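Reader: I'm in my first year and still learning how to look at these models. Could you pick one part of this one and take me through it slowly, then show me a few other spots worth a look?

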Amino acid sequence: MASHSKKTKAPTPRYDPVSTRHMNAIRSGEIRPIGGFVTSEDRGFVRTANGQAWLYMTAPSSVNVLDTDDGTLLDNAARPWMQAFGGLADMASTFGGGYRQVAKSTYREVHVLSVSTPVKWEPSGLLPEELQRQYATDFPNEYTFDRVTLLGVRLLSDFSSGHSNPLLGAVETVLFQTANNYEPDESFRRDRDRVRALLEGCGFAEPTPHEMARARCWWQPAPNPSGTPMMLEPGHLHVFGNWRQAKAAKIRWKADPSCGGWPTERNCFPMTLVDLGPTDFKGTDTHDASAKWCSRLLAHHDVGGAEALAVSLRALVEPAKVTAKQFRRDERTMLDNVEKQASRGELGRRDKDQMVQTLDGIASVYEQSQGAPPTLVDTAASVALPGIWDEDQNPPYPGVVVRSPMRQEAIMQAMQLGSHIRWRPYPLFWPTPIPSYAGLSGVTAAGDIVGNAGDTAGALLGWSESDRQPVYISPRAVQDNSQPPYLLVVGATGSGKSMCLLELVRGFARTKSAVTNDYTQVLLYDPKQDSDFTDFVRNSGGRVLSIDDLKQSDGVMDPIRNIPNIEEAKRTAILVITDITDSSHTDPNREASVTIALSYGLQHGADCTGEAISIALRDYQNGTAKDQLPDSIVEIASQLNQLAKANGLMRVIYGTTHGGPKLGSYPGLTLIKAGSENLMPAPGGGSSITARVQKWVIRLMVLCGMASLRGKDSVLVLDEAHVALGDGSGEVFQQIGRLARQWRCLPILASQRSAEFVKAELQGFISRAIVLAMSDKGANIPGTLSEAQAVLRLVDQPEGGSFHKRMGQPAVLDAKTNAPNYDSLYALRDPKTGKVIRGSVAFFVDTIKNNVTPVEIKLPPALFELMTNRASDVDRKRWEAARQGKAN
């Protein structure tokens with residue numbers, strides 16, 4: 001296992017006699033049950049074997065602090081903890097002149113347990129059964145972290161609590177305690193209610209049965225807190241799923257005490273327990289990367305984490321007032337020591353002055369009448385690390401890591417819920433910002449909570465990079481929540497954009513519409529010649545159309561025929577004609593002339609754009625409506641008719657025959673591709689009439705396709721979307737966005753380029769974005785906007801942060817060794833075998849929640865099978881799979 005931080009010499013541990021009194025010296029290879037201390041539990045109210053009472057509450061969900069540099073989100077994540085510690089500090093007394101030893105008996109004892117257990121991933125139960133089976137088959141070996149963070153407070157007894165007669169209640173309590181050797185639950189009711197009210201006011205909640213079971217047995221995927229066996233070793237221990245496995249390990253150990261080569265068994269693994277010492281982070285810069293130490297310990301190894309199974313903090317909460325007075329008393333001794341060191345020449349004047357300023361600064365913080373944080377005193381911080389960590393390997397913690405080779409069992413017992421074991425090899429005194437900003441409870445979870453990524457169900461994008469949580473994208477979330485309409489997918493060539501897009505399409509096509517209760521209809525547009533998506537759609541059972549087919553139908557994508565609202569339809573047709581016939585805007589009256597002519601034709605029975613213009617021209621020329629129509633109708637009609645005859649693409653969007661067809665909708669997945677036509681404007685030819693017609697064909701494919709699917713919970717995907725942008729595109733794409741919500745359609749714009757979206761002023765119309773690797777070339781040239789910078793503007797994210805820096809990172813650290821660069825967003829390969837060792841990473845951006853989450857995209861073999869052009873092979877495999885299913 002790789003080392004993630006510099007090696008720091010650990011201080012000599014101070015052994016706590018309270019814990020060691022009950023700990024016998026261990027022998028290597030000894031097997032013992034992992035003891036539990038909880039004898040009863042009800043809604044987080046815990047009674048322990050030695051009669052203590054604790055109240056455990058679940059910490060509120062928050063953003064994973066590793067995924068954001070946003071100070072507001074970091075403050076929001078820390079606020080519940082700061083408030084809870086502050087409220088508990090207020091419950092303590094400050095009598096006795098602020099002397100710690102006098103007031104300490106009134107401090108509230110707390111236990112924070114942050115658990116991250118790796119478990120087998122299972123698709124969301126909210127997905128349709130067919131999609132659940134598809135994902136379970138596609139990703140059979142994926143795992144996720146089952147995370148829960150609890151804050152426990154030891155409760156104080158009140159002999160008279162809950163009794164109408166306090167004196168009689170006290171007598172009954174004493175008699176009960178004498179007979180049973182512990183206090184009844186009612187003795188803690190008053191304090192329990194008080195602590196519960198405080199924590200609920202800070203956002204903490206009553207733990208679920210699953211959360212309590214997970215916290216009681218955090219080291220096993222299947223929570224079973226009763227008597228799980230473990231084998232003790234000097235520097236680590238082994239945990240087992242059952243006693244049979246433990247006995248088999250004992251036999252192996254007798255034959256070979258070296259456990260490095262033991263076979264891997266389910267629910268059996270070694271674990272190293274360490275303690276945390278003083279940290280370099282002083283709690284002053286709460287937004288610094290070093291402040292996120294707990295989240296880093298729990299994180300996946302791909303992002304430099306340790307994948308810790310649990311982090312446990314036990315402490316007493318001290319009021320800031322007591323800390324300040326105690327520090328002032330201790331400060332005199334520390335200043336005297338500084339003076340002595342300076343007089344002996346051990347400190348220079350600059351170092352001396354700096355130390356004095358530091359001490360004064362700490363004191364001034366605590367002496368503030370308002371805002372000084374409480375302190376966690378006598379803090380014991382322990383971490384459970386999977387695997388065997390050698391002495392030269394340290395987890396990613398910005399401070400001292402304390403090894404306790406012969407006290408693995410003591411640490412294990414001290415980390416348990418309700419434990420009375422206290423193992424403090426190096427007691428810590430932490431201002432509460434140190435744990436509060438550490439990321440104790442941050443997790444990338446689905447849902448509506450601000451800071452969470454994705455939805456509870458939908459197409460699977462991938463797994464969050466830091467904590468392996470599934471990220472789904474619902475085809476209905478935008479409409480249901482009245483959010484900006486567009487989902488943007490951008491990535492440079494080779495970034496994995498196309499494959500990501502197809503895997504999403506594959507998932508969307510198996511979701512269900514809330515309106516029709518049938519499969520979601522998905523329209524996929526590919527403007528490139530010789531589409532790469534044809535085999536995928538056909539092998540998926542979808543329908544493939546091409547512009548070659550549509551050219552045979554007069555005006556099949558004419559806006560007048562396809563858009564149900566006549567005013568919307570007319571406005572769109574006016575934009576089309578004006579842009580094509582007068583793109584340079586040399587005629588200031590062109591739009592007004594087109595409007596008059598088109599309106600006249602529609603009023604006289606036309607059902608398509610070309611027919612309306614022809615009726616207006618006819619009646620102008622025969623004198624019937626010469627005074628109602630502009631003279632320019634002759635030029636406009638002539639230009640349009642000539643263009644329709646010469647350009648087959650123009651006939652697709654400009655109908656001339658009454659009663660012609662319109663774009664239909666088909667169930668399931670439909671691809672409309674360019675076919676032999678070229679819808680991609682030639683480089684530098686974007687202002688030509690041909691280029692403008694090409695762009696309008698693409699724009700109307702989207703608009704008319706949406707109209708055909710309106711009201712059905714549909715998805716529309718436009719690849720190479722940048723080619724449809726340019727002059728005049730902003731208005732039509734804003735119109736598409738407005739209608740998308742009304743028609744319950746999710747429009748997805750995919751592109752290799754992003755600057756065009758900025759020029760079209762679509763920033764406020766994007767609710768979500770999937771951002772893969774993008775070039776940052778030209779970022780430092782004045783007046784130039786790199787593709788990466790354009791993305792940041794689109795999703796309202798700052799330049800210079802980790803999001804920006806990672807977009808342009810190459811896949812390898814150097815060309816000679818081809819060593820993988822884990823900061824890159826490109827897929828990574830083993831330099832020796834060429835095998836993919838990590839999929840492409842995309843930043844999933846939710847502009848509404850201001851949330852940016854790195855997500856690893858994994859592509860199943862089934863997707864590549866669908867990409868083959870040998871449809872017969874795919875059909876054969878499906879038939880064989882169906883036959884095996886029946887046989888089973």
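Author: Let's start with Ser-708, which is buried, with a relative accessible area of 14%. This is a predicted model, so treat every number here as computed from that prediction. Why does 14% earn the word "buried" for Ser-708? Because the cut-off for buried is under 20% relative accessible area, and the 14% of Ser-708 falls in that class.

Ser-708 belongs to helix H24. That helix runs over residues 689–708 and has 20 residues. From the first C-alpha to the last, H24 reaches 28 Å, close to the 28 Å expected at 1.5 Å a residue. H24 is also mostly covered, with 18 of its 20 residues buried.

Now, what does Ser-708 touch? If you leave aside its neighbours within four places in sequence, Ser-708 is in contact with Leu-523, Leu-663, Gly-664 and Ser-665. Follow one of those partners, Gly-664, and you land in the loop between helix H23 (648–653) and strand E19 (669–673). Gly-664 counts as partly exposed, because its relative accessible area is 32% and that class lies between the 20% and 50% cut-offs. Gly-664 also pairs up nicely with Gly-705 if you want to compare sequence with space: they are 41 residues apart along the chain, and their C-alphas are 7.8 Å apart.

While we're on helices, find H19 (residues 566–581) and H20 (residues 590–603), which pack at an angle of about 135° with their axes 9 Å apart. That angle makes H19 oblique to H20. The crossing of H19 past H20 is right-handed. On the H19 side, the residues that meet H20 include Ile-566, Lys-570, Ala-573, Ile-574 and Ile-577. Among those they meet in H20 are Arg-590, Val-594, Leu-598 and Leu-602. A general point helps when you read lists like these: an α-helix has 3.6 residues a turn, so residues three or four places apart point the same way.

Next, go to a strand. Thr-379 sits in strand E11 (residues 375–386), and it is buried, with a relative accessible area of 0%. Not counting residues up to four places away in sequence, Thr-379 touches Arg-314, Ala-315, Tyr-426, Pro-427, Leu-428 and Trp-430.

Two loop residues deserve a look for their backbone angles. Arg-43 has a phi near 55°, a positive value in a residue other than glycine. You'll find Arg-43 in the loop between strand E2 (38–42) and strand E3 (45–48), where it is partly exposed at a relative accessible area of 44%. Asn-818 has a positive phi of about 55° as well, although it is not a glycine. The loop that holds Asn-818 lies between helix H28 (802–807) and strand E23 (828–829), and Asn-818 counts as partly exposed at 36% relative accessibility.

Last, the cysteines. How many disulfides does a search of the whole structure find? Zero. As for cysteines you can click on, Cys-500 counts as buried at 2% relative accessibility, and Cys-745 is buried too, with a relative accessible area of 1%.

Notes:
Residues numbered from 1 in each chain as written. Predicted model: local features only at pLDDT ≥ 70, side-chain atom pairs only at ≥ 80, totals over all residues. Heavy atoms only, no water. Disulfide = S-S within 2.5 Å. Buried < 20%, exposed > 50% of the residue type's maximum accessible area, 1.4 Å probe, protein only. Helix = DSSP H or I, 4+ residues; strand = E, 2+ residues; numbered from the N terminus. Contact = heavy atoms within 4.5 Å. Expected span 1.5 Å × (residues − 1). Axes fitted to C-alpha atoms, helices over the stretch in contact; angles between N-to-C directions. Parallel < 35°, antiparallel > 145°, perpendicular 65-115°, else oblique. Left-handed = near helix turned anticlockwise from the far one by under 90°.
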